[in-house]
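Welcome, and thanks for taking a look. Please load the structure below and keep it at hand while you read.

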Amino acid sequence: MTSRKVLITGSFAVGKTSLFHRFVYNTFSDQYLTTIGVKVDKRVVDVSGEPLSLILWDIAGEVSQKKVPKTYFLGASAVIYVFDLSRKQTADNLKSDLKLIQKILPGCLIKVVGNKKDLVSEEELIILERTHNPDFLTSAKTGENVETLFMEIASELVSY
Amino acid sequence: MPQQQILILSRQGYTLQADGALFPRHWLLHHSMRDDFPILDSIWETLMALPADQFPVQFRFVDSPHPVLNGYYHLTVHIVPGSSARLRLTIERCTFEALQLRKALQLKNTAALYQQQREFTFLSKCV
């Protein structure tokens, strides 16, 4: 079976682990528990009738990607960069972080995700979308767009 | 409690030599470490193609890296000198150290999170 590594990164407390749990185990917890190091697990998805194993790396949050150990990027096919829609500071380093990721992993599929959609108003969402231009707006709490995010990544990785 | 295991792995991920007692010896005979460790599976091809000078590759504080390994472990992969097709995997238990670190980080991040949330609420009300 074909497998692909997907790295979930971003600042602390933006909901990386919640997205990971929502997609892999379909669970959610309101309690914030800091991630240290890395947790890896996989889910097999069906893409056009073919199974694809998405191996997800949920890593400790860092304010800047410069602080993320380079070995975490090893062999990654896709990177999900998560920021918190309800904390603007978590997108402060977005541009420089994306530049760094593109330098470490040239040609890698990168998706920018604004998470915690359930915590902001429609008006705020419009402004945030215009400012940061995320690929997806998700809520790990309600599950909104989480499946779509990972399935789109899976489809793009198959045709990559 | 056994704290560490060193395994010499073949190109397919099977154990050729083992030292330590995290895994039962008979079990090691029949399992590919590549297949059983999702973290290794996801980077195996990359590891095999990695230039010798880029080893060792280390992953610190890996949470439950294997179905029978609960807690936290440091994983280090070396290339076996004289044989680029073999890897030496060191698995070192570090759960106590990890929990201490998490406790400290939890306090630091929760304080920063609270501060950032306050700023957001304040700014929203000002606008």
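The report starts with chain B, moves on to the contact between the chains, and ends with two places in chain A. Please keep in mind throughout that this is a predicted model.

**Chain B**

Let us begin with the overall build. Chain B holds five helices and five strands, and reading from the N terminus its elements follow the order β-β-α-α-α-α-β-β-β-α. The domain assignment splits chain B into domain 1, residues 4-93, and domain 2, residues 99-127. Taken over C-alpha atoms, the centres of domain 1 of chain B and domain 2 of chain B lie 37 Å apart.

The overall figures for chain B are gathered here.

| Property of chain B | Value |
|---|---|
| Radius of gyration | 20 Å |
| Radius of gyration of a compact globule of 127 residues | near 14 Å |
| Span of the C-alpha trace along its principal axes | about 65 × 35 × 20 Å |
| Residues that count as buried | 24% of 127 residues |
| Contacts with a separation of 6 or more that join residues 24 or more positions apart | 34% |

**Where the chains meet**

How many residues does each chain bring to the contact? Chain A gives 21 residues and chain B gives 26 residues. On the side of chain A that touches chain B, strand S1 (2-10) and strand S2 (38-47) each supply at least two residues. S2(A) has the largest share of that side, with five residues. Sorted by class, the side of chain A that touches chain B consists of eight nonpolar, seven polar and six charged residues.

S2(A) also pairs across the chains: two bridges join S2(A) to strand S3 (residues 57-63) of chain B, and these strands run parallel. Within this pairing, Val38(A) has Val62(B) in S3(B) as its bridge partner.

**Two places in chain A**

Now for a single residue. Lys16(A) is part of helix H1 (residues 16-25) of chain A. Is Lys16(A) buried or exposed? Lys16(A) has 28 other C-beta atoms within 10 Å, and since 20 or more are needed, therefore Lys16(A) counts as buried. Leaving aside residues up to four places away in sequence, Lys16(A) touches Ile8(A), Gly10(A), Asp58(A), Gly61(A) and Val82(A). Val47(A) sits 31 residues from Lys16(A) along the chain, and their C-alpha atoms are separated by 24 Å.

Helix H3 (residues 122-132) of chain A is hardly covered, with one buried residue among its eleven. Just after H3(A) comes Asn133(A), which takes a positive phi of about 50°.

How values were computed
Residues numbered from 1 in each chain as written. Chains lettered and ligands numbered in written order. Predicted model: local features only at pLDDT ≥ 70, side-chain atom pairs only at ≥ 80, totals over all residues. Domains from an automatic or database assignment. Helix = DSSP H or I, 4+ residues; strand = E, 2+ residues; numbered from the N terminus. Buried ≥ 20, exposed ≤ 12 C-beta atoms within 10 Å, placed from the backbone. Contact = placed C-beta atoms within 7 Å. Nonpolar A, V, L, I, M, F, W, Y, C, P; charged D, E, K, R; others polar. Pairing = 2+ DSSP bridges. Rg over C-alpha atoms; globule rule 2.2 N^0.38 Å.
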